[in-house]
Amino acid sequence: MLKNNLRITHFVLLMSFLTFLFFHLPFYTYVFNNVDYKSFNGIILVASLVILMLVLNAFVFYLIFFLSRYVGKFLLVLFFIINSIAVYFINTYSVIIDESMVGNILNTNLEESSSFFSFKLIVYIILLGVIPSVYIIKAKIINVTVKKFFTISSLTLLFVAVLVFANASNWLWIDKNSKQLGGLAMPWSYSVNTSLFYIHKYKKNEKEILLPNAVIKDNQKSVVVLVIGESARSQNFSLYGYKKSTNPLLSKTQNLFHFNATSFATYTTAGVKCILEPTNSDDLYEILPNYLYRNNVEVIWRTTNWGEPPVHIEKYQNRDVLKKDCKGEGCNYDEVLLTGLKEQILASKKNKILIILHTSTSHGPTYSKKYPPRFENFKPVCNSVELGKCSREELLNAYDNTIVYTDYILSKVIEDLKQLKEYKSAMIFVSDHGESLGEKNLYMHGVPISFAPKEQYEIPFIVWVSDNSKKLKPNKTLSQNHVFHSVLNFLNIGSPVYKEEMNIFK
């Protein structure tokens with residue numbers, strides 16, 4: 001039985017031990033998988049990491065509880081609850097809670113977050129979060145004198161310093177793996193990275209850097225439909241050699257080209273930003289729709305997704321707006337983006353039009369709910385949010401059906417554009433990032449790009465052009481930044497930021 005009356009030193013050591021026991025299996029699994037733990041140096045490193053984890057957590061808890069037991073209890077309860085949720089996602093989807101993943105979480109809406117709900121998550125929260133929290137709330141903690149506090153604090157810091165310097169030979173390994181280690185250490189993975197996210201977001205939300213003015217160089221009617229894919233990886237497109245027929249319509253379409261491409265990031269907010277900016281940058285430059293709208297181009301943004309940079313245009317249409325004029329089962333899926341699309345183009349009074357369709361078709365974990373039933377070409381499918389419980393075949397089938405549906409949506413866009421005889425038209429499809437489907441025991445996306453697997457950054461880049469428009473260069477590998485310059489070229493818009501080498505058209 002745990003005692004209710006505890007000295008502060010014993011209490012924080014107990015809390016540190018429980019944090020270590022409940023929430024750090026993924027941390028030490030990573031360590032054991034990446035060091036030679038049978039060697040003397042490996043044994044020293046593992047032992048040092050265990051001791052440091054226990055001592056540093058206890059020390060931080062000690063500081064907080066000495067200052068205020070009420071604040072300490074509140075924070076500790078919060079830590080245990082959030083830790084239980086975080087370790088569920090780490091164990092279930094093999095994610096790492098780094099700054100980019102925190103951004104992904106904070107930019108998730110209610111519809112997406114509810115798709116992760118499962119009974120297993122509730123079990124994690126109750127066993128690892130709620131039950132320890134009840135004990136924390138009830139515990140009576142006996143404080144120490146100021147003199148003893150400073151003595152213990154000084155000795156702890158001295159011990160930590162000695163242990164750190166004793167591991168000088170391992171500093172390089174720790175530095176190399178700091179992102180993974182930091183993303184698995186509880187509760188600091190999310191608390192530190194949330195702070196970093198908001199610090200960087202504040203910097204990025206400073207007024208966007210305007211690009212130099214552009215010039216429309218002719219009066220030829222031209223339209224580009226840019227379709228931003230969600231979690232679409234190229235290796236599951238039959239256009240790219242996949243053995244299953246996931247592109248039955250596009251594979252028969254004339255004037256269609258596909259290129260190998262890579263994303264700059266593995267999560268939506270950064271991926272969409274990269275697609276829309278002239279060069280990959282941490283700064284917030286004026287994005288393509290804002291730039292063209294400011295320079296007298298008709299710009300329409302239609303979305304069933306979220307996470308884009310600030311869009312400053314008149315015609316921004318989300319799912320709720322589009323559903324008002326939509327009829328049929330497709331209105332509950334990404335087909336809603338096509339509602340009255342051709343009519344909206346024809347109604348425009350401008351000669352240059354850019355339409356952006358931001359889809360959500362292949363976003364997990366509920367792949368089987370992202371397409372109408374008639375597109376379930378491959379069976380059986382995975383219907384669980386716990387992707388690891390599904391067989392490899394079920395998971396791939398569900399995901400592949402989203403690619404079949406994507407194929408249908410893109411072909412519908414092309415059919416609409418073909419009917420606009422007065423316009424030179426093009427469709428560009430590029431995904432925000434890829435997706436892991438169990439390879440290396442990883443699921444979905446969000447692994448930092450520096451060590452992400454290829455499944456999360458190898459993306460499709462598909463282009464269709466009308467008969468009377470441009471030819472394409474024999475490109476081999478493209479990046480998301482090619483979109484910005486290629487759209488300028490196709491619409492014949494002159495700009496000081498335009499780079500010919502980043503344009504896909506002849």
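Trainee: Which domains does the domain assignment of the protein chain give?

Mentor: The assignment gives domain 1 (6-205) and domain 2 (215-363 + 406-502); such bounds come from an automatic or database domain assignment. This is a predicted model, in which local features need pLDDT of at least 70 and side-chain atom pairs count only at pLDDT 80 or more, while totals for chains, interfaces and linings use all residues. Residues are numbered from 1 along each chain as its sequence is written, and side-chain values use heavy atoms, with hydrogens and water left out.

Trainee: What makes residues of domain 1 and domain 2 count as in contact?

Mentor: Contact means heavy atoms within 4.5 Å. By that criterion 17 residues of domain 1 are in contact with 17 residues of domain 2. The centres of the two domains, taken over C-alpha atoms, are separated by 40 Å.

Trainee: What is the area buried between domain 1 and domain 2?

Mentor: Buried area is the accessible area (1.4 Å probe) that two parts lose on being put together, summed over both. Here that is about 1,500 Å², and carbon and sulfur atoms give 57% of it.

Trainee: Why is the set of 148 residues called a nonpolar core?

Mentor: The term covers buried Ala, Val, Leu, Ile, Met, Phe, Trp, Tyr and Cys residues joined through side-chain atoms within 4.5 Å, where buried means under 20% relative accessible area (1.4 Å probe, protein chains only). The largest such core has 148 residues, and those touching the most other members include Phe11, Leu226 and Phe461. Helix 16 (residues 392-418) gives the largest share, 13 residues. Domain 1 and domain 2 each supply at least three residues to this core.

Trainee: How do you know that strand 5 and strand 12 pair?

Mentor: Two strands pair if DSSP finds at least two bridges between them; strands are DSSP runs of E, at least two residues, and helices runs of H or I, at least four, numbered from the N terminus. Seven bridges join strand 5 to strand 12, so the criterion is met, and the two run antiparallel. Asn260 has Pro460 of strand 12 as its bridge partner. Strand 5 also pairs with strand 13, in the parallel sense, over three bridges.

Trainee: Why is one side of strand 7 and of strand 13 left without a neighbour in the sheet?

Mentor: The eight strands form an open sheet with mixed pairing, in the order 7-6-8-4-9-12-5-13. Strand 7 (315-318) and strand 13 (477-479) stand at the edges with a single partner strand each, so one side of each has no neighbour in the sheet.

Note on methods: Buried means under 20% relative accessible area, exposed over 50%, partly exposed in between (1.4 Å probe, protein chains only).
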